[in-house]
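I opened this entry to go through the fold one part at a time. My notes follow in the order I looked things up.

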Amino acid sequence: MVLQRRVLKRRDYERMGIPATLWSVDANKVPPGALMFLRRYAGRLEELLRRPAGAYFLGPKGVGKTGAAVLLLKYIKEHGFSCLFISVGELRQALRGRVQFDTDTSVWDRAKEVDALVLDELRAADAGEAVLGARDLEDLLEHRYQFRKATFITTRMTVSERLSTFAGLVSKTTGYLVDVPVDGQDQREALKNSLTESLVAESATPPSSSHRPAPVPPNKTRGHY
Ligand SMILES: Nc1ncnc2c1ncn2[C@@H]1O[C@H](COP(=O)(O)OP(=O)(O)OP(=O)(O)O)[C@@H](O)[C@H]1O
Ligand SMILES: [Mg+2]
């Protein structure tokens, strides 16, 4: 079957839960190793989604793990599959507070049902949580696997940290979640530096002649008014 691709609208992004700052993520900012994974996944989209194959995007802060995961999620959505982006922390809050996704479905049920789920920011501290701790995460992943739903997890944990903290999760997901290392510079830091530079440069530049206050014509002195 040839999948149709459609342009996403604002409502799609909102329904997927993608933060507005990441709506315009682009492939040029995805580090090469992760981009290769995204290309391969996109090339066999339907087969891999249904297998289901997913990934851990691993790397230090700011390198573009979330950006890469969002880019893939957008692509999946563009091809007609249901998608949700949520951080582990937000999902825990939603589960605790029984937050609704819409009138018929809770956020938790939505996270179980969607064709593709990005679980953002898995941390070591999550393992010991009473709600959505290591065991609940295993159950969620297991459920999604059984119903052929693909899951993508971003984390700053190294492979060994993840193994020591989430041994059960790692062993259960070994066959269907692959590790995608994301490396490079801290893009957030680079953005901050370029913004600071441009703002400092702007404030240091003298205003152009068109912005200077108009000189008072010589004959229009106080006494004439
Ligand atoms: N593909 C992309 N296209 C455009 N901007 C991007 C992309 N990836 C990252 N960025 C920019 O870089 C910033 C940091 O990237 P991102 O949030 O993906 O990092 P991260 O590795 O998930 O960091 P953390 O570990 O802190 O969650 C983003 O807020 C965004 O501004
Ligand atoms: Mg992130």
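**Ligand shell.** I began with the residues around ligand 1 and sorted them by character: five are nonpolar, eight polar and seven charged. The model is a predicted one. In total I found 20 residues in this shell. I listed the closest, which are Lys29, Lys65, Thr66, Gly67 and Gln187. Then I asked which elements give two or more residues to the shell. They are α4 and α10 (187-204). The largest share comes from α4, with four residues.

**Core.** Next I looked up the largest nonpolar core and got 47 residues. Phe57, Leu73 and Ala111 have the most contacts inside it. Helix α4, residues 65-78, gives the most to this core, seven residues. So far, then, α4 has come up twice: it leads in the ligand 1 shell and in the core.

I took Phe57 apart further. Leaving out residues up to four places away in sequence, I found that Phe57 touches Ala34, Lys65, Ala68, Ala69, Phe152, Thr154, Val180 and Val182. Lys65 in that list is also among the closest residues to ligand 1.

**Helix α2.** Ala34 took me to α2, where Ala34, Phe37 and Tyr41 are buried. Seen down the axis, the buried residues of α2 fall within an arc of 55°, so they line one face of the helix. What is exposed on the other side? I noted Pro32, Met36, Arg39, Arg40 and Gly43. I also checked what covers the buried residues of α2, and the cover includes α3 (45-50), β1 (54-58), α4 and β5 (177-181).

I ran a length check as well. Helix α2 covers residues 32-43, 12 in number, and at 1.5 Å a residue it should span 16 Å. Its end C-alpha atoms are 16 Å apart, which agrees.

**Helix α5.** I repeated the exercise on residues 88-96, where Val88, Leu91 and Arg92 are buried. The buried residues of α5 fall within an arc of 105° seen down the axis, so they too line one face of their helix. Their cover includes β2 (83-87), α6 (107-113) and β3 (116-122). After α5 comes Arg98, and I noted its positive phi, near 45°.

**Whole chain.** Last, I pulled the totals. The protein chain has 10 helices and five strands. Of its 225 residues, 30% count as buried. I also looked at contacts between residues at least 6 apart in sequence: 84% of them join residues at least 24 apart.

Key: Residues numbered from 1 in each chain as written. Chains lettered and ligands numbered in written order. Predicted model: local features only at pLDDT ≥ 70, side-chain atom pairs only at ≥ 80, totals over all residues. Core = buried A, V, L, I, M, F, W, Y, C linked by C-beta atoms within 7 Å. Buried ≥ 20, exposed ≤ 12 C-beta atoms within 10 Å, placed from the backbone. Contact = placed C-beta atoms within 7 Å. Near = placed C-beta within 6 Å. Nonpolar A, V, L, I, M, F, W, Y, C, P; charged D, E, K, R; others polar. Expected span 1.5 Å × (residues − 1). Arc of directions from axis to C-beta.
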